[in-house]
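Here is a friendly walk through a few places worth finding on your screen. Keep the viewer open as you read.

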Amino acid sequence: MMSNPDIVVVGGGNAALCAAITAAEAGKRVLMLEAAPKPYRGGNSRHTRNFRCMHDGPLSVLTGTYDEDEYYNDLLLVTKGKTDEHLARMAIRGSQESQPWMEAHGVRFQPSLSGTLSLSRTNAFFLGGGKALVNAYYRTAEALGVEVLYEAPVTHIELDGDRITRVDFTHGGERHSLSPPAVVVASGGFQGNIERLVEAWGPEAENFLIRGTPYNRGDVLFDLLGQGVQSIGDPTQCHAVAIDGRAPKFDGGIVTRLDCVPFSVVVNKNGDRFYNEGEDVWPKRYAIWGRLVAAEPDQVAFSIIDSKSKDLFMPSVFPPVTADTIPELAGKLGLDPQKLSETIETFNGACRPGTFHPTELDGLVTEDLTPPKTNWARPITEPPFYGYSLRPGVTFTYLGFKVDETAQVQGTKGPVENLWAAGETMAGSILGQGYLAGFGMTIGTVFGRIAGREAAQYV
Amino acid sequence: MFDQSQMDSKPSTRIDEARRQIEICNACRYCEGYCSVFPAIMRQRSFAEADITQFANLCHNCRGCYYACQYTEPHEFDLNLPGILAEVRTESWERFAWPGPLARLFQRSGTALALALVLGFAALFWAAQALRPESGEGFYAVMSHGLMVAIFMPAFLLPLAALFASLRGYWRHVGGGQIRLSHIRHALGRAARMKDLSGGQGQGCNFEDEDRFSNARRMAHQAVMWGFLMCFGATASGTIMHYVFNWPAPYGVFSLPKLLGVPGGILLVLGCAELARLKLKADPDLGAKQMRSGEMGFVLLLGFVSLSGLLLYAAAGTGAVAVLLPLHLGAVLTFFLLMPYTKMAHGFFRLAALLRDAADRK
Ligand SMILES: Cc1cc2nc3c(=O)[nH]c(=O)nc-3n(C[C@H](O)[C@H](O)[C@H](O)COP(=O)(O)OP(=O)(O)OC[C@H]3O[C@@H](n4cnc5c(N)ncnc54)[C@H](O)[C@@H]3O)c2cc1C
Ligand code: SF4
Ligand code: SF4
């Protein structure tokens, strides 16, 4: 193991790799400490598929233009204005310049995947997905002399006044300490730590599923915040979407998503509807369903369709529960058969004739129904009937380090002299709430490179 | 060498396992850009046994989708698409081959191959000794042309007929229809450039060093394929010169048989050596484990055929010919006779799968 690195990078995902590569290219000796074992290296980054990229003209696989203002407006819409304009615009402008940098460091892009046409202008997709990206970066980093330790979780970072003086971690069953001149933290959020989620959100969080890595437990985040480093982002909030209730507790990733809600009737465990399933197109609504389901009893809901809608959405990883009648389906889903039949009948009675358009807002609205369904309202009548269970799936938490435009972490009285942060662990500095598809990798890439550059300049 | 009980008692397990993995891929799609398999998967929502057999034969085992997968072991989804498709593929060759038990033996066992080879040598030595010609020039001084034809015509045509029958079974099974010129162009175009080992963008495959992309295997494979075709062309042109133009061997350096045969043989030797080297470095769990020794045996046999052919050429006019000729011809005999039952069959099945795929593409 490198005994006197210039820079220690904490984490092993996209942001950590971008920082490590940048610093190594500046001639620094870099040690990366990754908590996960090698097969699980790369945190949530290995589950990603694209990054959102500004482009003033055609760029690599991206056609047309997506300029700074359009990008920024898209961001304002999802964050409802809760965003730091200066840092956000830096990330946006940085994305255009990062795309060729990514290619030069081994990342390959491809046109948008089938079924994701809505993102083809704004998001550049990784060939093979995020794990292929992570693999390419590890190869590049190692070729540059970066040393990577797996199964090396950092347990404590000592803050002395406005300086980091020590990094403690375990590796190979032993405790180690290093005192590097500079430290970059890129160890993600804390959604892997259920106890912390319960503290923040309440006991309901016991029933949440975590879409990504179990290794993002926020240990470094809470350790430093406990020593007076400034935080940003609502500590009680997380980004949660509705996913298949049968998904694994951790790391289910992209395949557990369910896109059937707009074409379905969604009931809670009592068999009652609770929200307008057809409020908007799914890409604009999937993010609110996580919290909607989280607010229902036992944090579970059931999405029910009939055979008319079966092939209207991307296939999901688990086959639906199938039955020839609604009561039978209710029985298989563990719902009260009579209650579910009543709910479906009431819904069916409220549907009105009209033209159904699965891919656009078709205005097929229910009449005299609370809550209403304002698009794609077709009666559930044609067997077989299908049911999916839904649970909240947490993508990330918002709490993070407050950084400035050089990615430097802010301490009690101004910046911590030798500490930088990048990626999800500081994303709260830019994203106050909501989320824009592909922006996580943008923040990690742009600020990872900035953190690497600044740390290298410092030592 | 192989576990028959597992296959026979649960004939559908491999297909079921492949289906489980394919359904995960269809919900994910991250690997769409690597090869022809994923676009084919993504055209469908449910997967019959025949679909899975077709995907398996379309897969070139480039392994890109293994190293890029976030769901490989120890993840509970336990994805290993190259591995399971390789096993289904092997199973399908055996199912369509005739006679089946023979196929299973040679696909899987390098030892059986070696044994057959020794038998081939013995047969040729015996023939050379017992039926030594009175006169003749060049190789024909060792073995008469008539005898060579009498042995090799059937040894070449019968396996071809067996292969044809296998392929017909495959074609029916996967619902192949009428073949158009555009399909042939598509399939040959992809095979000629080994597009499905290109990683989608020319970076190659992930074979010999985990997730590192390299074109080594693609190039070695092309050396073997083109080398083989050139040698085949050499033999064919020799046959035509013999019968049509009444111009028997030996041929000079600047004749068509030599111009094709010598560089072809060199390509084959180099390609086979490199393929064997790469195979030793690759992770066996991502290929057809049940076929590893059979595959290696086949590569070595093909390498030996070409090497002995080249040596024979170099030894022309010396006493070594009497030994080398039966060795070479014995190897060639074994190679041809076992064609439908060795890895050699994969080329034909692959072409059929590419043809079938061409019809489904838009
Ligand atoms: C299923 C899913 C799909 C997504 N898809 C996209 C997408 O397509 N596009 C997009 O932009 N965003 C996507 N996101 C969000 C995206 O994953 C994150 O924004 C991004 O990966 C964050 O990168 P990071 O490097 O900050 O964190 P991560 O990639 O999560 O890396 C954190 C690293 O820190 C390590 N670590 C944690 N604690 C410690 C410790 N104490 N010591 C040492 N190491 C530690 C972890 O093991 C991990 O390697 C997705 C998220 C999920 C869950
Ligand atoms: S192999 Fe893995 S990453 Fe690739 S498509 Fe299948 S599930 Fe997705
Ligand atoms: S191994 Fe290669 S050819 Fe086979 S399915 Fe995976 S990516 Fe395609």
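## A loop in chain A

Leu369(A) sits in the loop that runs between helix 9 (337-350) and strand 17 (385-397) of chain A. Please keep in mind that this is a predicted model. Is Leu369(A) buried or exposed? Leu369(A) counts as buried, because its relative accessibility is 12% and the cut-off for buried is under 20%. Apart from neighbours within four places in sequence, Leu369(A) is in contact with Arg273(A), Thr346(A), Phe347(A) and Ala350(A). For a sense of distance, try Gln408(A): 39 residues separate Leu369(A) and Gln408(A) in sequence, and their C-alpha atoms are 53 Å apart in space.

The loop between helix 9 and strand 17 of chain A also holds Pro371(A) and Pro384(A). A cis peptide bond links Thr370(A) to Pro371(A), with omega about -15°. The bond from Pro383(A) to Pro384(A) is cis as well, with omega near -5°.

## The surroundings of two ligands in chain B

Now turn to ligand 2, which takes up the space of the largest cavity. Around ligand 2 are Ile24(B), Cys25(B), Cys28(B), Arg29(B), Tyr30(B), Cys31(B), Phe38(B), Cys65(B), Cys69(B), Gln70(B) and Tyr71(B). By class, this shell divides into nine nonpolar residues, one polar and one charged. Which helix gives the most to the shell around ligand 2? That is helix 2 (residues 13-28) of chain B, with three residues.

The space taken by ligand 3 is the second largest cavity. The residues around ligand 3 are Tyr34(B), Cys35(B), Val37(B), Phe38(B), Cys59(B), His60(B), Asn61(B), Cys62(B), Arg63(B), Cys65(B) and Pro82(B). Here the shell has eight nonpolar, two polar and one charged residues. Phe38(B) and Cys65(B) are found around ligand 2 and also around ligand 3.

Arg63(B), one of the residues around ligand 3, deserves a second look. Arg63(B) lies in the loop between helix 4 (49-58) and helix 5 (64-67) of chain B. The phi angle of Arg63(B) is positive although the residue is not a glycine, and Glu210(B) likewise has a positive phi in a residue other than glycine. The table sets out both.

| Residue | Phi | Relative accessible area | Loop in chain B |
|---|---|---|---|
| Arg63(B) | near 75° | 4%, buried | between helix 4 (49-58) and helix 5 (64-67) |
| Glu210(B) | near 45° | 39%, partly exposed | between helix 10 (181-193) and helix 11 (216-243) |

## Cores and a buried glutamate

The largest nonpolar core has 111 residues, and those with the most contacts inside it are Val255(A), Phe38(B), Met143(B) and Phe335(B). Helix 9 (residues 145-173) of chain B gives the most to this core, namely 10 residues. What does Met143(B) contact, leaving aside neighbours within four places in sequence? The partners of Met143(B) are Leu124(B), Ala127(B), Ala128(B), Pro133(B), Met148(B), Leu325(B) and Leu329(B). There is also a second, separate core of 99 residues, and Cys53(A), Val134(A), Leu221(A) and Val446(A) are among them.

Finally, find Glu87(B) in helix 6 (residues 81-96) of chain B. Glu87(B) has a relative accessible area of 13% and is therefore buried, as the cut-off is under 20%. Beyond neighbours within four places in sequence, Glu87(B) is in contact with Arg14(B), Gly287(B), Ala288(B), Lys289(B) and Gln290(B).

Key:
Residues numbered from 1 in each chain as written. Chains lettered and ligands numbered in written order. Predicted model: local features only at pLDDT ≥ 70, side-chain atom pairs only at ≥ 80, totals over all residues. Heavy atoms only, no water. Near = heavy atom within 4 Å. 1 Å grid on protein atoms, 1.4 Å probe; cavity = no way out; pocket = protein on both sides within 12 Å on 5 of 7 lines; lining within 4 Å. Sits in = over half its atoms within 2 Å of the grid points. Nonpolar A, V, L, I, M, F, W, Y, C, P; charged D, E, K, R; others polar. Core = buried A, V, L, I, M, F, W, Y, C linked by side-chain atoms within 4.5 Å. Buried < 20%, exposed > 50% of the residue type's maximum accessible area, 1.4 Å probe, protein only. Helix = DSSP H or I, 4+ residues; strand = E, 2+ residues; numbered from the N terminus. Contact = heavy atoms within 4.5 Å.
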